[in-house]
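Trainee: I would like to take a close look at a single part of this model and see how it sits among its surroundings. Please take it slowly and keep the pieces connected.

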Amino acid sequence: MAPKAALVVLAAALVAGFLLVRSERRDAHNAEVLDTACGGVLPRAKVRGLLPGDETWELHGELDLTGPSGRGPRTLLRCSVEWGEYGRLELAAVPVLDVPLSGVRPRDILATRTAEEPDWATAYRSATTQVTAGCPAGLPGYPRPVTRFRVHASLGYDEGAEIAGAAKEVRAAVTAVANHVRERGGCGGPAVKPSDVRPPPEPVEDPDEESGEVVPSCRWFRPELLDGRARGRDDREPDGVTGDDADVCSLRVPRAKPANRLDHFAEVGSVSWRGPLLPEVRTAYGAELAALSRAPEPESGEKSYTLAVWAESSCSGARTLSRVTVGTAAAALAADRADRILAAYLAASDCRAVKVLGKVWK
């Protein structure tokens, strides 16, 4: 073999050897990334199929706060594997938290409807896929019970580098992370299955408003309870909230036959509190609850009268404190209908063992 040809062969062998060594090092590095990403719980074979084998993968944003040592973090787990210029597989697990209340009065609870959720709580809406998992035993470290959490994943490729069948593999990764959070958090309940993992729901501004239906917490009321008529197009719509610890409704009732110019509308409000809110309710309404036994007659000459009726009961198996208010132009109407309205409200809420605590004029 000519010296020149021998040099070419040697150079080719050196390049091939160099490429082989580099490839082996990249493969070893990538395998280590998969072994450690998301606490090492990712299904390696499936996730490896999502990632381009000719790229070097890098682990970013690794965070695992699951387990009994957590202190109620906003993010339970977060990890991201990146490659190339834009390639990225990102997974996160976050608690599903109720919007914090500024108080327990109806206006405070109703305000949660318009409260904006933080970005970390809404990131799942733009993810590739997600699942909401139950945690019946409650995640540790939170002041109030947190019995749900959400895992979402986002997958992005460099342009033109998408991999067929990726959705199935991403579901497997989300499932693995969800069950890791369940086990570390001592959640109990059924395990998450790949079939539970789905694309994010389509955004809906206000389903009740779009459908024209009354909000669920106000569906118990019937206009005839206050000699009312059906709500017209220009009448104020009922406002309500249904939550884990409280349900609230506020509505205006158009009167069918007003007695005078002040009697065109009546006002009805209902609220039920359960669980951890009960002590705070008794504090916030201490003066009103103390006045229940006296229930003095209202002063005459007022433009409107509001009567509040309180009751204790067991609603759907939970100890519940309920308050119904009836506001009318005539005190006699509120006094005559308050008990009937309270009974209708509690019956619709599946409440038993009802004890009426009393009434108070507001």
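On which residue is the kink in helix 9 centred, and what surrounds this helix?

Mentor: This is a predicted model, and what follows should be read with that in mind. The kink in helix 9 is centred on Arg 337 and amounts to about 40 degrees. As for length, helix 9 covers residues 331-348, and its 18 residues at 1.5 Å a residue should span 26 Å, which agrees with the 26 Å that separates its end C-alpha atoms.

The residue at the centre of the kink, Arg 337, is one of the buried residues of helix 9, a list that also holds Ala 331, Leu 333, Ala 334, Ala 338, Ile 341, Leu 342, Ala 344, Tyr 345 and Leu 346. A general point helps in reading such a list: an α-helix has 3.6 residues a turn, so residues three or four places apart point the same way. The cover over the buried residues of helix 9 includes strand 7 (246-254), strand 8 (265-274), strand 9 (305-315), strand 10 (318-328) and strand 11 (351-361). Just after the helix comes Asp 350, which has a positive phi, near 60 degrees.

Those covering strands lead to the sheet itself, which is open, has six strands in the order 6-7-8-10-9-11, and is paired in the antiparallel sense. At its edges stand strand 6 (239-242) and strand 11, and because each of them has a single partner strand, one side of each is left without a neighbour in the sheet. Ignoring direction, neighbouring strands of this sheet are turned against each other by 15 degrees on average. Helix 9 packs on this sheet, where it touches strand 7, strand 8, strand 9, strand 10 and strand 11, and the direction of helix 9 makes about 150 degrees with that of strand 10.

At the strand 11 edge, the pairing is with strand 9, antiparallel and over eight bridges, and within it Val 309 stands opposite Lys 359 of strand 11. Strand 11 also holds Ala 353, a residue other than glycine whose phi is nevertheless positive, near 50 degrees. With a relative accessibility of 68%, Ala 353 counts as exposed, because the cut-off for that class is over 50%. A comparable case for the backbone is Ser 316, which lies in the loop between strand 9 and strand 10 and has a positive phi near 55 degrees, again in a residue other than glycine. Ser 316 likewise counts as exposed, at 60% relative accessibility.

Strand 10, the one used above for the angle with the helix, is also the place of Arg 323. The relative accessible area of Arg 323 is 10%, and Arg 323 is therefore buried, the limit being under 20%. The side chain of Arg 323 makes a polar contact of 2.8 Å with the side chain of Glu 288. Once neighbours within four places in sequence are left aside, the residues in contact with Arg 323 are Gly 269, Ser 270, Val 271, Trp 273, Tyr 285, Glu 288, Ala 308, Val 309, Trp 310 and Lys 362. Val 309, met above opposite Lys 359, thus appears again among the contacts of Arg 323.

For comparison, there is another antiparallel pairing elsewhere in the chain, where strand 2 (residues 77-83) is joined by seven bridges to strand 3 (residues 87-95). Strand 2 is mostly covered, five of its seven residues being buried, and Val 81 stands opposite Leu 89 of strand 3. Three residues lie between the two strands of this hairpin, in which Gly 84 takes a positive phi near 60 degrees. Beyond strand 3, in the loop leading to helix 3 (106-110), is Val 96, a buried residue with a relative accessible area of 16%. The C-alpha atoms of Val 96 and Val 146 are separated by 7.0 Å, although the two residues are 50 residues apart along the chain. Val 146 is also among the residues that Val 96 touches, together with Thr 132, Arg 148, Phe 149 and Arg 150, when residues up to four places away in sequence are not counted.

To place all this in the whole, the protein chain has nine helices and eleven strands, and 41% of its 362 residues count as buried. Of the contacts between residues at least 6 apart in sequence, 65% join residues at least 24 apart.

Definitions and conventions
Residues numbered from 1 in each chain as written. Predicted model: local features only at pLDDT ≥ 70, side-chain atom pairs only at ≥ 80, totals over all residues. Heavy atoms only, no water. Buried < 20%, exposed > 50% of the residue type's maximum accessible area, 1.4 Å probe, protein only. Helix = DSSP H or I, 4+ residues; strand = E, 2+ residues; numbered from the N terminus. Pairing = 2+ DSSP bridges. Expected span 1.5 Å × (residues − 1). Bend = angle between axes of the 7 residues up to and from the residue. Contact = heavy atoms within 4.5 Å. Polar contact = N/O pair within 3.5 Å; in protein donor to acceptor, adjacent residues only side chain to side chain. Axes fitted to C-alpha atoms, helices over the stretch in contact; angles between N-to-C directions.
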